[in-house]
Amino acid sequence: MPERIATVASRVGLHARPAAIFAEAAGDQPVEVTIALEGAPADEAMDASSILSLMSLGAEHGSKVVLRAEGDGADAALDALVQVLETDHDAE
Amino acid sequence: MTSITGVGVSPGRVIGPVLQMPPAVAEPAPGAGLPAGATAEGEANRLRAAAKTVQAALKDRAAGARKEAAEVLQATALMAADPMLLKSAVKLLEAGRGTERAIWEAAEQVAEQLKSLGGYMAERATDVLDVRARIVAELRGVPAPGIPASDVPFVLAAEDLAPADTATLDPAMVLALVTSGGGPQSHTAIIARSLGLPAVVAATGATGLAPGTEVFVDGAMGIVTPSPGEAERDLAAAYASREPLQPFDGTGMTADGHLVPLLSNVGGGADALAAAALGAEGVGLLRTEFCFLNRDAEPTIDEQVAAYKAVLDAFPAKKVVVRTLDAGADKPLPFLTDSTEPNPALGVRGYRTDLANPGVLERQLQAIATAAGQSQAEVWVMAPMIATAEEAGRFAGFCQAAGLETPGVMVEVPSAAVTAGSVLKRVDFASIGTNDLTQYTMAADRQLGPLAALNDPWQPAVLHLVKATVDGAASLQEAPKPVGVCGEAAADPALAVVLVGLGINSLSMSARSLAGVAAVLRSVPLERAQQLAALALGADTAAEARAAVRAELPLLETLGL
């Protein structure tokens, strides 16, 4: 299964506005994407388009997370989402 | 249409259309299963559709909101149709729960999870519960809960407001608050005063006003008039062009220079700093409950010293009156009060808790004395709920043992007012707590909306007890002892003038009321205040007393108070 590791760039971590932006972007992808903290078992990964899941993930600034997806367009979706995670939305 | 009369709790006169606050969404019955004929699949689709509708409505509101509010609303909109939330609700549906019950329980789990994470996440739990209420309202086909959205400023009518409603109340859109329930101490009253919005509570019929009806609201007189005429329009226009209040300059006095220190009621260090910044000449009531509430056990002496010192340090060389713990009735403490009492307001509360749980009071006095020793403030100490001269004497003994030099009592129980001379032989000062004194004089629970008219400190019986206290203090052979007032009565500028006329030496109020009280007091010479006091004492009813005194104080109109 294609996967990517990304570092959370937002200073507040994956909360609040950054979480909303990421959840919305994940929901826009043609494939289902999951998210987990690096090192966590793959079967505990959560739906990346769920803002409530993202908030309970507890990813802070600098945390490494694993994104996974399968199917047509999985690689493009993952690349797009890595870019969202690695942008500091608070600095905009 | 005839006017609705209630109790004015925050002054101001405005005209605007009414919007009704929908009632809170009730919890679906725990046992509720799928209705006959419904399928889990069909109900799951109905739930998803409702979630999408709520999400769209929240997104619309986000589009019209200011930046920060918009971000919160956008995040809340995402929660409304959150895939994880809906998935767990659908699982519960498949397990046989009713639709409303399924989303109710699923959101409950998520909220608990967020609460357990603490901090920012715990605060978001409230958003999840808000979204849940909206989805259930949508499923039931009733209006969404919360303060209604509007493009034009409006008068908000409700049964009563909860503390959580404050967060979403936009003072730029809400002109006034009108509630059918509540009393002078209700959350609605507190919210209105803190936002400076005119408000009328206990206005029976407020929830029956049709949305869109134009009303005139007079928050000083407690009147709501549908379809206002020219007279009301003139009053509202005069209020809109009122003179701005000058900030309080830090010296309370009458027009002829009779000094009446204006102090502040505070409940913690941050409060104290804010009060000092607004010119308060000291603290007339430090509510020490703040360091005891929400705890399972008594705080240590060191913790108490630090908490009290934070307040004392805001007022170097100024008077700070510390009230010892006032637990019980509406402020229960698990380690001190018995929640099973049939009549908590008449039960073991205030000073009386020392009888059931000796030691807590003496340790608190020790902490106050230690904090006083480490600060520059002039510390006075008083006990709440003193009913007899013996109690006053025993409390003075405790203070002396702790090394506190100025013991006093609160006068809240009518017996203490009537026997003030005997009580004050044993202590150095009295402070009248008008909220409780009114409740006990009128035998009317101050938390009950239907009794709000009785819970009015303008009641002539209450004013007579204030006078009895002052007379008792003046009857002593030695120098007369000071009598102050702390309580909402001191924050009403017209009543403050009456109290000074009755011989009250100092007034303590929430800091935001200082400027209004100071301005009106300074417009009246002492002799005139005494005449107004006689006018109020001679009135037959609270309404007559208020109207008679207000008619003699035209500055109230000029300032919109």
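This note goes through the domains, sheets and cavities of a predicted model, point by point.

1. Domains of chain B. The domain assignment divides chain B into domain 1, made of residues 4-21 together with 147-240, domain 2, covering 40-140, and domain 3, covering 262-559. Domain 1 is thus written as two separate stretches of the chain, and the C-alpha centres of domain 2 and domain 3 of chain B are 46 Å apart.

2. The barrel of chain B. In chain B, 8 strands close into a barrel, with parallel pairing and the order β9-β10-β11-β12-β13-β14-β15-β16. From one strand to the next, the twist averages 25°. As one example of the pairing, β10 (residues 282-287) and β11 (residues 319-323) of chain B run parallel and are joined over 4 bridges, and within this pair L286(B) of the one strand is set opposite V322(B) in β11(B).

3. Helices packed on the barrel strands. Helix α16 of chain B (residues 434-441) packs on the sheet and touches β13 (407-411), β14 (429-433) and β15 (483-486) of chain B, with a direction that makes about 65° with that of β14(B). Helix α17 of chain B (residues 460-474) also lies across β13, β14 and β15 of chain B, and it runs at about 150° to β15(B).

4. Strand β3 of chain B. This strand has pairings of both senses, which deserve to be read together. With β7 (residues 214-218) of chain B, strand β3 (residues 13-20) runs antiparallel and shares 5 bridges, and the bridge partner of P17(B) in β7(B) is E214(B). With β4 (residues 154-158) of chain B, on the other hand, β3(B) pairs in the parallel sense over 3 bridges, where V18(B) stands opposite V155(B).

5. The open sheet of chain A. Chain A contains an open sheet of 4 strands, paired antiparallel in the order β1-β4-β2-β3. Because β1 (3-7) and β3 (46-47) of chain A stand at the edges with a single partner strand each, one side of each is left without a neighbour in the sheet. The pairing of β3(A) with β2 of chain A (residues 33-37) is antiparallel and extends over 2 bridges, and M46(A) in β3(A) is the bridge partner of I35(A).

6. The largest cavity. How many cavities of 30 Å³ or more does a search of the whole structure find? The search finds 2, and the largest of them holds about 80 Å³ of space. The lining of this largest cavity comprises T324(B), L325(B), L336(B), G350(B), Y351(B), T353(B), D354(B), N357(B), V360(B), L361(B) and Q364(B). Two helices of chain B, α11 (353-356) and α12 (360-373), each supply at least two residues of that lining, and α12(B) gives the most, with 3 residues. Sorted by class, the lining of the largest cavity has 5 nonpolar, 5 polar and 1 charged residues.

7. The second largest cavity. This cavity has a volume of about 40 Å³, and its lining is drawn from chain A, with V8(A), A9(A), S10(A), G13(A), L14(A), P18(A), F22(A), V84(A), L85(A) and H89(A). The elements that give two or more residues to this lining are α1 (16-27) and α3 (74-85) of chain A. By class, the residues lining the second largest cavity divide into 7 nonpolar, 3 polar and no charged.

Definitions and conventions:
Residues are numbered from 1 along each chain as its sequence is written. Chains are lettered from A and ligands numbered from 1 in the order in which they are written. This is a predicted model: local features need pLDDT of at least 70, side-chain atom pairs count only at pLDDT 80 or more; totals for chains, interfaces and linings use all residues. Side-chain values use heavy atoms; hydrogens and water are left out. On a 1 Å grid over the protein atoms alone, a cavity is a set of points where a 1.4 Å probe fits but cannot get out, and a pocket is an open set with protein on both sides within 12 Å along at least five of seven lines; lining residues have an atom within 4 Å of a point. Grid points are joined across faces, edges and corners, and a volume is the space filled by probe spheres set on the points. Ala, Val, Leu, Ile, Met, Phe, Trp, Tyr, Cys and Pro count as nonpolar, Asp, Glu, Lys and Arg as charged, and the others, Gly among them, as polar. Domain bounds come from an automatic or database domain assignment. Two strands pair if DSSP finds at least two bridges between them. Axes are lines fitted to C-alpha atoms, for helices over the stretch in contact, and angles run from 0 to 180 degrees between N-to-C directions. Contact means heavy atoms within 4.5 Å.
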